[in-house]
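Reader: I have a new model open on my screen and would love to talk it through with you. Could we go over it together, one topic at a time?

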Amino acid sequence: MNLIIDIGNTKIKASIFLRGALNTTKASEKEDVEFAKELLGEFTTIEKVIIASVREYPDKLINFLKTKIPHVLFFDSKLPIPVENLYESKKTLGYDRLAACIGAYAMIPNQNILIIDAGTAITFDFLNKKGQYIGGCISPGLSMRYKALNHFTKKLPLLSVNEDYPLIGKNTNQAITGGVQNGIVFEIDSYINQLKEKHADLRVILTGGDAPFLYKSITNTATLEMNVLAIGLNHILEFNILERSNN
């Protein structure tokens with residue numbers, strides 16, 4: 001049994017994998033060691049752990065887990081990965097972007113893949129069929145675009161995602177909703193279409209909080225996989241354990 005710990009800015013997400021398959025996911029706002037104690041009490045056969053964090057290096061958590069679990073890894077730019085990373089600034093590459101690509105490649109190996117993570121920001125990341133991570137782009141997400149219109153103008157209200165958004169707005173609220181949401185849908189479809197001109201066999205995976213909305217809205221075919229990041233981290237964990245056992 002594997003434990004995947006993803007430490008975000010406000011929450012910690014834990015995923016349990018059993019024989020390579022995702023079994024359970026849990027989220028908490030508790031302190032990381034306290035949350036880990038709860039997990040180990042509930043799942044008593046955990047043998048391997050990988051931790052990824054957007055915060056500082058979690059010394060206390062790692063030290064605690066090492067007293068309980070045989071294999072504890074921290075995902076950073078130094079940890080070996082099962083794909084080739086061709087990004088120029090590896091140390092500044094978000095772990096979530098790279099791990100999601102590895103998760104996508106584990107799901108559909110030997111394919112050209114575009115992973116779109118629609119969260120606070122929207123990230124576009126491309127991994128080719130040779131298993132090489134090439135890079136990608138970062139764009140403002142839906143919520144950020146709504147907040148920007150409200151913050152940088154004097155009269156525009158703060159709105160949020162709406163399932164009903166027109167192509168041509170007949171009032172200010174409709175104009176904002178249509179502008180933000182059509183704009184992001186057009187952007188994503190155009191990005192996919194241009195990449196398909198170079199890679200006709202391109203596969204697209206959508207993940208992140210706004211992925212369900214985009215999945216219903218874009219014209220291109222895509223796979224919706226909300227756990228691709230956890231799948232990637234689990235794949236990295238297994239890859240490193242295998243490498244160590246072979247050396």
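Author: Happy to; what follows is a set of questions and answers on this predicted model.

Reader: Let's begin with the cysteines. How many disulfides does the count come to?

Author: A disulfide needs two cysteine sulfur atoms within 2.5 Å. The sulfur of Cys-101 has its closest cysteine sulfur in Cys-137, 12 Å away, which is too far for a bond. Cys-137 is in no disulfide either, as its nearest cysteine sulfur is that of Cys-101. By this rule, the number of disulfides is zero.

Reader: Is Cys-101 buried or exposed?

Author: The cut-off for a buried residue is under 20% relative accessible area. Cys-101 has a relative accessible area of 0%, so this residue is buried.

Reader: And Cys-137, which class does that residue fall into?

Author: Residues between the 20% and 50% cut-offs are called partly exposed. Cys-137 has a relative accessibility of 36%, and therefore counts as partly exposed.

Reader: Let's move to helix H2. Which residues of H2 are buried, and where do they sit around the axis?

Author: Helix H2 spans residues 59-66, and its buried residues are Leu-61, Ile-62, Phe-64 and Leu-65. They cover an arc of only 165 degrees around the axis, so they lie on the same side of H2.

Reader: Which residues are exposed on the other side of H2?

Author: We have just seen that Leu-61, Ile-62, Phe-64 and Leu-65 are the buried residues of this helix. Turning to the other side of H2, the exposed residues there are Lys-60 and Lys-66.

Reader: What covers the buried residues of H2?

Author: The cover includes both helix and strand elements. Among them are strand S1 (2-7), helix H1 (32-42), strand S4 (48-53) and strand S5 (71-74).

Reader: I also noticed Asn-234. Is this residue buried or exposed, and what does Asn-234 touch?

Author: Asn-234 lies in helix H7, residues 228-246. With a relative accessibility of 6%, Asn-234 counts as buried. Leaving out residues up to four places away in sequence, Asn-234 touches Asn-2, Ile-4, Phe-17 and Gly-20.

Reader: Now for the charged pairs. How many salt bridges does the structure hold, and how many residues apart are Glu-42 and Lys-26?

Author: The structure holds seven salt bridges. In one of them, the side chains of Glu-42 and Lys-26 meet at 3.5 Å, N to O. This pair links distant parts of the chain, with Glu-42 in helix H1 and Lys-26 in strand S3 (residues 21-28), and the separation is 16 residues.

Reader: How exposed are Glu-42 and Lys-26?

Author: Glu-42 has a relative accessible area of 48%, so this residue is partly exposed. Lys-26 has a relative accessible area of 29%, which makes this residue, too, partly exposed.

Reader: Which parts of the chain does the salt bridge of Asp-201 with Lys-129 link?

Author: The closest N and O atoms of Asp-201 and Lys-129 are 3.0 Å apart. The two residues are 72 residues apart: Asp-201 is in the loop between H5 and strand S10 (203-207), and Lys-129 is in the loop between strand S8 (121-127) and strand S9 (132-140).

Reader: And how exposed are the partners Glu-163 and Lys-216?

Author: Their side chains meet in a salt bridge at 3.3 Å, N to O. Glu-163 is in the loop between H4 and H5, while Lys-216 is in helix H6 (residues 211-217), 53 residues apart. Glu-163 has a relative accessible area of 55% and is exposed. For Lys-216, also exposed, the value is 59%.

Reader: On the surface, which residues form a nonpolar patch with Leu-167?

Author: Leu-167 lies in the loop between helix H4 (142-151) and helix H5 (172-198). With a relative accessible area of 67%, Leu-167 is exposed. The patch has about 380 Å² of accessible area together, and Leu-167 shares it with Ile-168 and Phe-186.

Reader: Last topic, the backbone. What is the phi of Arg-19?

Author: Most residues other than glycine have a negative phi. Arg-19 lies in the loop between strand S2 (12-18) and S3, and is exposed at 77% relative accessible area. Although not a glycine, Arg-19 has a positive phi of about 50 degrees.

Technical notes
Residues numbered from 1 in each chain as written. Predicted model: local features only at pLDDT ≥ 70, side-chain atom pairs only at ≥ 80, totals over all residues. Heavy atoms only, no water. Patch = residues over 30% accessible without salt bridge, like charges linked within 9 Å, V, L, I, M, F, W, Y side chains within 5 Å. Areas by Shrake-Rupley, 256 points an atom, 1.4 Å probe, with all protein chains shown as cover. Salt bridge = Lys/Arg side-chain N within 4 Å of Asp/Glu carboxyl O. Helix = DSSP H or I, 4+ residues; strand = E, 2+ residues; numbered from the N terminus. Buried < 20%, exposed > 50% of the residue type's maximum accessible area, 1.4 Å probe, protein only. Arc of directions from axis to C-beta. Contact = heavy atoms within 4.5 Å.
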